[in-house]
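Student: I have a model to go through. Could we discuss it step by step?
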Amino acid sequence: MSTTEKTTVSFILNDIPQTLSVNPLRRFSDVLREDLGLTGTKVGCDAGDCGACTILVDGEQRYACLTAVGQLEGHSARTVEGLAKNGDLTALQLAFLDEGAAQCGICTPGMLMAAQSLLDRTPNPTEPQVLDALGGVLCRCTGYTKIVEAVLKAGQTSASEATPPSGSAVGSRMVKVDGKQKLTGEEIFSADHAPEYSLWLRAIRSPHPRAKFTLAHPEKVLNKYPGIVKILTADDVTGNNGFGIYPHIKDQPVLAKDHVRFRGEAVVALVGERDAVESVSEEDLGLTWEPLEAIRGWDAALSGKLEPVQAEIPDNILAEGLLKKNDVEKAFAESYAVAEGNWTTSAVEHGYIEPEAGYARKVGQRLEIFVCTQSPYMDQTEVAQVLGIELEQIRIIPSAVGGAFGGKLDLSVQPLVALAAWILERPVRCIYTRPESLASTTKRHPVQMRAKAGCTRDGMLTAYEYHGDFNTGAYASWGPTVADRVPIHCSGPYFVPNVFAKTRALLTNESPSGAFRGFGTPQAAIANDALLDELAEKVGMDALDFRIKNALRKGDRTPTNQLLENSVGQLECLESLKGRWDSWRKEAEVFNQKNTKLKRGVGCGSAWYGCGNTSLSNPSTIRVGINGEGKLTLYNGAMDIGQGANTIMVQICADALGLPASQFEYVMGDTDLTADAGKTSASRQAFVSGKATQLAGEHLRAQIIHLAEAAENATLRLEQKGISGSGEIIVADETGEHVIVLADILPQTNGDVLTGEGAFDPPTTPLDENRQGSPYATYGFGAHIAEVEVDIMLGTTKVLRLAAAHDVGKTINPTLVEGQIHGGVAQGLGLALMEEYVQCVSENLHDYLLPTVGDMPEIEVILIEDPEPLGPYGAKGIGEHALIPTAPAILGGIKHATGISIRHVPATPDRVFTALQKAGKNNG
Ligand code: FES
Ligand code: FES
């Protein structure tokens with residue numbers, strides 16, 4: 001049968017009989033989404049690797065992407081849309097909502113269906129049964145912990161607060177304001193929606209890391225494939241054919257001209273009917289390649305033997321970072337003990353389950369772009385300069401974001417669909433395939449590090465030296481930021497009087513490295529914690545006691561000589577772990593005495609991380625408005641990428657205003673409707689946009705109090721149909737009730753009658769030539785301990801349990817903070833043990849290993865609250881902090897278990913086995 005031939009297929013779908021005239025070979029996931037409009041079933045890979053498309057067929061789990069629609073004939077299928085009845089969530093869905101089991105929500109439909117298949121057979125499953133049932137579905141956000149808890153608790157009473165009363169939203173376990181739609185399939189992600197009759201866009205990408213190319217006969221394609229409307233090349237770019245994060249670096253072409261610098265770089269974009277764009281081959285286009293020798297890795301970048309990656313940067317050194325505090329050489333010479341070493345870490349893929357997607361359409365002389373993004377306002381600026389049009393002509397409408405972690409800060413589909421839609425004056429959509437997403441988007445920087453630390457006889461740190469070469473790939477992306485941030489953070493959350501750090505971001509012909517949860521700090525922490533362990537051993541101290549002794553405290557100065565005056569909870573984090581540390585270490589020793597093949601060990605990792613941009617203005621503006629009907633809307637420009645910004649901003653605003661969180665509606669990230677709240681990165685939204693939100697709520701409250709001529713401490717009540725028949729605010733104080741009839745107030749252009757606005761830009765100072773100054777207004781702190789079990793004969797490592805202590809200033813929502821920490825642990829575990837992106841080898845989710853539910857340890861979260869006076873109700877960030885300590889803790893555990901220090905990360909079984917073999921520890 002040809003791929004276009006149709007036949008009739010009859011089956012039951014969510015209890016409703018269906019008869020379709022369809023090609024029976026088509027993927028059922030595609031038929032569900034594109035023909036039936038049931039976009040609740042997600043597609044993360046189209047290859048049976050991610051489980052996002054899990055549905056039930058005759059009650060059994062099935063990947064819809066690997067199911068041909070013809071196989072449904074005579075069978076019964078159920079999708080996430082078939083769970084809730086008449087808007088009432090099932091017990092399982094309610095448990096997901098209560099537990100906070102859906103973060104971004106892109107894996108949630110697949111998770112729910114996998115869990116439902118188990119619960120249908122086994123209403124009260126055991127934990128191993130749950131792990132078994134969920135084993136085929138990947139989640140990159142949650143660390144699985146809350147998902148497993150939700151399945152185990154399905155049907156039990158909730159501990160969460162759907163509607164905390166007025167004045168008590170902050171600190172409550174309020175369920176996510178966007179939680180329900182993530183559980184029913186109603187949430188609209190980037191691939192879930194496009195205008196009718198949108199054209200499709202497919203980029204043709206380089207199969208070579210470095211090559212020249214020519215395009216011989218695009219016109220033949222247009223003749224051969226009438227469905228092709230346009231073949232876009234670099235010559236079609238109407239503005240600047242270059243984009244990038246920094247105003248002075250726009251080095252990555254939208255479409256390469258004549259030559260490519262990395263495998264996966266876009267050279268041509270085909271636009272037209274879907275079948276046509278998917279059918280055209282490179283041969284059709286007459287695309288010919290002249291491969292050139294590529295610069296791969298650090299040594300090649302610095303050797304000078306090949307033409308530089310970018311002609312303007314002859315030494316391939318894109319950026320350098322430096323920090324110098326006092327005299328490390330003298331301090332090392334006077335130190336009692338010194339430890340040093342070299343480490344290498346690998347490229348790591350963000351692994352969000354939602355591949356990049358979106359559409360653009362021209363509306364009058366403006367362009368609307370619907371896309372998954374972490375940074376709508378940056379997208380707006382970038383697309384405007386690529387098209388050569390005014391900023392105001394671009395509207396970014398963010399979709400729900402199915403995971404990001406830094407990877408959706410850079411442009412992906414935006415300039416391509418924008419250019420096509422602008423030129424063709426027709427809507428154009430694009431959905432990256434998983435291999436395309438893996439090949440073309442940024443990675444965590446691979447790094448080669450050399451570090452050295454010294455201490456006194458009684459274990460006080462004296463000096464720290466760090467050199468890091470970060471492989472930033474073919475284009476800048478966030479390379480300069482990584483090179484800048486790492487020197488500040490590389491000596492960890494410890495007081496060190498003498499520090500020298502030097503970093504370089506090196507250009508190579510590899511995938512561009514960009515922002516990924518921590519901006520290089522997680523890699524540097526691996527070296528730092530290993531050195532602290534070694535120093536502790538040299539002076540005969542317990543490794544945790546050594547850290548406690550050196551932990552940064554209030555009144556200490558950081559490596560940039562910044563005085564820490566407030567909210568420095570590192571000591572409390574470490575001390576909170578002490579009891580567990582001692583008992584876990586003892587238990588591991590007892591275990592090891594009885595076992596020869598399996599060895600257990602416990603390690604510790606630490607984190608500190610400045611919230612926000614480094615020594616740069618970093619403002620957020622948030623608005624809240626009420627219209628004449630009493631509709632209360634939070635205009636939130638702080639993108640929720642799964643972490644819960646939508647929810648915590650409502651919680652903060654509710655308490656600042658004095659109304660219940662349940663009365664809020666919200667708009668997220670739409671550049672026409674919200675003010676610029678900056679990008680969702682660098683753990684800044686809770687702190688920076690959270691403060692702006694608090695100020696916005698207080699601003700609106702002040703206006704209401706003023707209008708009512710009421711006392712400051714008055715209570716507010718919002719009624720959408722008051723006695724007047726319109727929206728009313730009833731303001732009560734000891735003099736009585738004052739009624740504001742909202743319809744009596746002249747509306748503003750957006751229809752609101754009252755608007756509160758808050759803006760916050762955290763105070764920092766510029767850094768001098770030695771990078772001395774105050775780069776961040778506040779820092780978050782944390783420490784993890786991990787117990788691991790190493791199979792000496794196989795080299796495999798299993799993380800058994802992990803305790804994570806974090807100083808978050810103030811917990812706005814414990815459920816969401818715990819979720820961030822669980823997810824950070826999972827990503828840290830992947831960094832430590834399994835994740836390694838290699839071009840050509842791991843360009844799919846089968847060969848690129850992400851942690852599954854079975855890889856996760858038991859995680860205990862300890863929240864420390866040392867309030868930050870600048871933050872909203874004392875809160876600071878947690879996004880990056882949650883990941884940083886995990887890999888060092890795991891690697892420290894391997895060292896404790898086996899005596900070997902793994903210096904090339906991830907500690908894959910082959911690397912651990914080889915290291916053990918070299919040390920003579922597994923030779924029988
Ligand atoms: S989309 Fe089907 S398994 Fe990933
Ligand atoms: S919530 Fe699972 S991938 Fe985001």
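Student: How much area does the protein chain expose, and what share do carbon and sulfur atoms supply?

Tutor: The protein chain exposes about 32300 Å², and carbon and sulfur atoms supply 50% of it. Accessible areas come from the Shrake-Rupley method with a 1.4 Å probe, and for residues only the protein chains shown count as cover. This is a predicted model, in which local features need pLDDT of at least 70 and side-chain atom pairs count only at pLDDT 80 or more, while totals for chains, interfaces and linings use all residues. Residues are numbered from 1 along each chain as its sequence is written, chains are lettered from A and ligands numbered from 1 in the order in which they are written, and side-chain values use heavy atoms, with hydrogens and water left out.

Student: What percentage of the residues count as buried?

Tutor: Of the 924 residues of the protein chain, 65% count as buried; buried means under 20% relative accessible area, exposed over 50%, and partly exposed in between (1.4 Å probe, protein chains only).

Student: How many helices and strands are there?

Tutor: The protein chain has 23 helices and 34 strands. Helices (H or I, at least four residues) and strands (E, at least two) are DSSP runs, numbered from the N terminus.

Student: Turning to α17, which of its residues are buried?

Tutor: They are A543, L544, F546, R547, I548 and N550, that is, 6 of the 8 residues of this helix, which runs over 543-550. Their cover includes the helices α16 (521-538) and α18 (570-594), together with the strands β20 (447-455), β21 (461-473) and β23 (598-610).

Student: What caps the N-terminal end of α17?

Tutor: D542 does: one of its side-chain oxygens lies 2.9 Å from the backbone nitrogen of L544.

Student: And N550, what does it touch?

Tutor: Not counting residues up to four places away in sequence, N550 touches G459, M460, L461, P493, Y494 and F495, where contact means heavy atoms within 4.5 Å. A polar atom of the N550 side chain lies 2.9 Å from the backbone oxygen of G459. The relative accessible area of N550 is 2%, so N550 is buried.

Student: A different helix now: how many of the residues of α13 are buried?

Tutor: In α13 (residues 414-424), 10 of the 11 residues are buried, among them Q414, P415, W422 and L424.

Student: What follows α13?

Tutor: E425 follows α13, and its phi is positive, near 55 degrees.

Key. A polar contact is a pair of N or O atoms within 3.5 Å; within protein, one must be able to donate a hydrogen and the other to accept it, and residues adjacent in sequence count only if both atoms are side-chain atoms.
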